[in-house]
Every structure is written in C-alpha cells, then in structure tokens.
Amino acid sequence: IELKSGILNIFLKTGIVFTQVDLWLGLSYCDGKWNKVTVNKEGSIVSASMNELREQTLEPRVQQLKVNSPVYIGGIPSEIQNFYKELGLEQGFGGCMKDVKFTQGAVVNLASVSSSAVRVNLDGCLSTDTAVNCRGNDSILVYRGKEQSVYESGLQPFTEYLYRVVASNEGGSVSSVWTRVRTRESVPCDNVTTPSRVHSINGYSIEVTWDKPAGVIGVIEKYILKAYEEDGPNVPITSAELADTSMLTGILTGLHPFTNYAVTLTACTLAGCTESLHALNISTPQEAPEDVQSPTAISFPTFLLMSWSPPKTPNGIITQYTLYMNGVPIYFGNGTKYVVKDLAVFTPHQFLLTACTLAGCTNSSQVTLFTAQLPPSHVDAPVLTVLDSRTIYVQWKEPVEVNGILDRYIIYIANNEQNFTKWNVIYNSTELFLDFTIQQLFPGTEYLIKLAACTGGGCSISEASTAITDESTPEGVPAPKAQSYSSDSFNISWTKPEYPNGIITSYALYMDGVLMQNSSQLSCYAHGLAPWSLHSFRVQACTAKGCALGPLVEARTMEASPEGTVDIFATVDGSKKVQLKWLAPNKPNGKLTYTVLVTGLFYADQ
C-alpha cells in the first residue's frame, strides 16, 4: 500500500498473479483530520477506500491470501527490499496512524505490539497546520530564483511539510511530485511535570507515577527518574531510564533506607532532555541493618572487655544489640560495651553480635576471642650433665600449666668466679627445643643455671641447678713478684692463675731452677743470699688434673758495703801530674763508684 502524488496504490501478489488497485485522492486527505483507509479482498475482488472514495478491481486468478510473515507498516527494512524490487518502494510513511484493525481480532495498539519502531510517532497526530501546508492550491512560495537549493528556517519543530519544485521558462513550466519531510523534535519545554505520586516499595526502592508532559513537540524517547538526597550534594544518588514511554509508572532502585529523597522526572526527545523544576519528597522506611561489625575485645586473663561499633549501614535507628557467647545470649541493650567475667586463662570463646531496627535484625560474622595469657604456673629446674671441662648439657621439661601459647625458652647462667651475682643469658630461642649444650665454659668452675619459660603473658623462672665442669691444668699462671728489703733476702709473692680450671692443690716456687717451696701459700721468704746477687724465680700451679708453670722473673738482692781493701798505685808524671791506679775490693756487694781523695801542697800559678 502506498500513497504517492495523491494516488493510493494497492499492490497484491499471490503466487504468480499480480493485482493493482489505484484510488485517486488528490489532496483531499490534507485537511488536518483523521482519514479512514480500508483495504479489502473478497474472493476475486480487491478494493481500496478512503473516507467516501472507493476503487476496486476483479482478478479471477487471484489466490487465497495467507499471511505467514511479519507485517510491516510504514515501510520495510532495507535488508529485505531487494526481494521486492518490482514494487518500486519509496521512503517510509510520514505522518501518524491509529486504530489499526485486521478482519479478525480487536484494534491493535501499535505502541505495545510492535517489535520495533523507527522514528515514528505512534501516540499522537499532526498539527492542523498540515491542512494548510500540504495543499496544492494554497501552498506557500518558499523560493524563486535560478539556484538549485534553498535553506528554509523558522519552521515548527516535529512538523510535516510537503515541498515541490516548479521549473519554468518562456515556453511553460513543469512540476515535481510532492516530497514529504518532517522537522526534528525540540527539547521538551520547562513544563515537564513533577511526579504525581511516589510511594515506597521497601527501604531500597520506590514506585513513581507521573502524567504525560503536555506540549511536547516530538516523540518522547525515554523518561528518567532521579532521586536526590535532601541536604546532600546536587547530584542524584540514583537514577533509572525508562525506554517504554507508554508506561507512566517506574521503579527507582538503589536507594538507602531511612533517608529523605527528592524525586524528579526528566523527559527526553532526540533533541535533548528536560528535568522537572520541582521534586516530590519521600522518606524511605527503615530496613534491617547492613554491615554489622563483629565485636572486639581487650583481653585480660580472666575477663574480656567487649566493645563494638554501630553498623556501617544502620538503615534506621538501632533499637537493640544482642551479644552472643558460644551461642548463648549474654547481653541485651543499646550499649556498645560489656564485660564478660569469670573466664579461664587463655581460653577461646565464640562471639556474635546482632543489631536490630524496627524493620528487623542482622547478625555480624562470628569471631573467636581469647582471654589473655599469663606466665606459666611453674617451671621445673633444668637437668644438667657435665660432658667435659668446658661443656654442660642442659635438659628440661615443658611446663604443665602453660597459661597461654609457649613463646620461648631462656637459659640464665652464673658462676662462682663472679660470686653468682651476675646472671647472663646464654640461650634465648623461640625454637621450642627441650635441650641445649653450653660450650666454651671454664674448666673446674661451679655454675648455676636456671630456665625461664615465656608466653605472651610473661615469663616464669625455675630454681637454679648446680654443675661443676671437669678440672683441667691451670691457665694464665702469673709471674711472681720478688722484692728485696735487705741485702741477703727476698719476699716473693704471686696471685692465683687467671684461669684456675679447677681447685688449686699447690703452688711450687722455683728459685734459680731449684724448688724452694711447695704449698698452698701465695708467698715465700728467701734469705741467706749474697748482696746484689741475681736470681731467677718461677711459680708452678697445680690442680688434680696437672700443673702449669708461669713465666720466669729475675731480681737482685739489695746492695751492701764492699768488703776487702782497695790497693792504689801512684806514678809521678811530670812536675804537675800524678797518675793513680787501683784494684777493686774482693767483694763489691753492689755497683761500685770510686772517690779519690788528695791531700798535701798543691802547686799554684803565680
């Protein structure tokens, strides 16, 4: 069916039989009113009528019409036009239509049953201006001249116009066919109405109802619902686009419970969108809380100081908290703290928090919390085994009551050389072994060793165990000090070896390689010696395992008066010189110095 140049053409093809009906209309339909068009096939008669005009044709060979494909109204898609080239199809329908009805069935609502619509107005009709603008007799002259194109402005939005060109010369004129065009839509005016009704479905969504905007020139492509938080930024918190413009009700989701919103309506054509100047206010109802936080605790050995924060998304006014421990409720109320008492040391407990509004309750995730640790109740003294003169093997047992998670063992050591006043840490490890070998100790030394076992709550220290390393020969035997206070004697003294390596059983003093004394004394008196005589001394210290010598020291007795006579010999050497010579005494008894005394007359120069 085509309407072209004032002629309504009906083309019907059944099998190989082609039938055509042409109904002359002129411009009778350009009156700004609705026109009723009927196409009918009854047996061999095919007819077409519009208003009071009718035309028909008889075709005996026409076959029964069976429709088994989609029905296209206003045009056909470009991808199937090649199959119907003989029809010479023009561009698609321009205008508006309503009340499409087939022989069988009710009136079809094109807006609801159409599978697709391409830039057509299915819900309105043209302005009555069409009656003026499309008539051939009273058409408006747009342009006169020699150019082959013209630009016309000042037209109405979304309005259908018919144009034709008349070419003239001195011999006459010729006209083109009427060409139908439609201007584009305009942006909706400022009269987009505020939504007429808003009600809450739940705390997260609302249903919005509105009236169709009046005075919109063009096809409304979509509606947009927007919700703004009151006293919030001027940015919608959520929005929804509704492409089915036949529906004047929409659902807006993504809202927050217990919140005040301002809801607006935006209408859009292809030219743009306009939002309503005013909004409709609504408060969403409360819902059960979301993101309820698990409780936390400050741990003590026998109680827990519980606390919790309000839900990140309360969705209303919190009416009550319920705290569960090991599945049993232990607290009801509006507080955010609670003390759980009379608990065992370092014991796990399961906690869960429930937060409630008037709309419902929500649980937090379950969390396991422990009471605090304490030091172990008792630590047994370690067992010591002496392996040799420098090594002690230490063993111990894990405490019976740990009172927490065992964290480390510490070994303290002290020895009798320091009078057991200074304790040193010789082992500190989180490797929870039950033995340790202490090396590089001093031989023959008594040691006190104690063990500390530690948890996160502190350490407990055992009683000390005693062990004495095996003796060895002394080391660091000192050099003796030999002091002479007379010409025939020495006072010799010495100290203990730097490393006794056991119990010193005796000290031996050697003078000039001869043993002078063997005792536990640290001194010796030697006498009957010659004055200023040189002697050597050495100390030997002994343990049960052996003896060791110290370094050799030399010293002299004090000097004494020389013994014997001094023989002198004088030789005259001229009138003014005498040469003297003498012999040393038999026993010098020290370092000798000589003094020459001269008496008598001396020669004096005149």
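I'll start with one side chain: the charged end of K450 sits over the ring of W423, 4.1 Å from its centre. Keep in mind that this is a predicted model.

Now the aromatic residues more broadly. The structure holds 14 aromatic pairs. One of them joins W582 and Y594, with 5.5 Å from centre to centre and 50° between the planes, so by the definition used here, where planes under 30 degrees apart count as stacked and over 60 as edge-to-face, the pair is tilted. W582 lies in strand β44, residues 578-582, while Y594 belongs to the segment after β44; the two are 12 residues apart, and their pair links distant parts of the chain. Is this pair made of buried or exposed residues? Neither word fits: W582 is partly exposed, at a relative accessible area of 33%, and Y594 is partly exposed as well, at 40%.

There is also an aromatic cluster, a single one formed by W308, Y321, Y331 and Y338.

Next, the interior. The largest nonpolar core has 19 residues, and those touching the most other members are I206, V208, W210, Y223 and L225. Which elements give two or more residues to this core? They are β12 (205-209), β13 (222-229), β14 (238-242) and β16 (260-269). β16 provides the largest share, four residues.

Take I206 as an example. Setting aside neighbours within four places in sequence, I206 is in contact with residues including V198, I201, I251, L252, L255, V263 and I282. Its contacts also include H199, S200, G250 and T284.

Finally, a second core of 18 residues is separate from this one, and among its members are L384, W396, I438 and A467.

Definitions and conventions: Residues are numbered from 1 along each chain as its sequence is written. This is a predicted model: local features need pLDDT of at least 70, side-chain atom pairs count only at pLDDT 80 or more; totals for chains, interfaces and linings use all residues. Side-chain values use heavy atoms; hydrogens and water are left out. A nonpolar core is a set of buried Ala, Val, Leu, Ile, Met, Phe, Trp, Tyr and Cys residues joined through side-chain atoms within 4.5 Å. Buried means under 20% relative accessible area, exposed over 50%, partly exposed in between (1.4 Å probe, protein chains only). Contact means heavy atoms within 4.5 Å. Rings of Phe, Tyr and Trp (its six-membered ring) pair if their centres lie within 6.5 Å; planes under 30 degrees apart count as stacked, over 60 as edge-to-face and the rest as tilted. A charge sits over a ring if NZ of Lys or CZ of Arg is within 6 Å of the ring centre and within 35 degrees of the ring normal.
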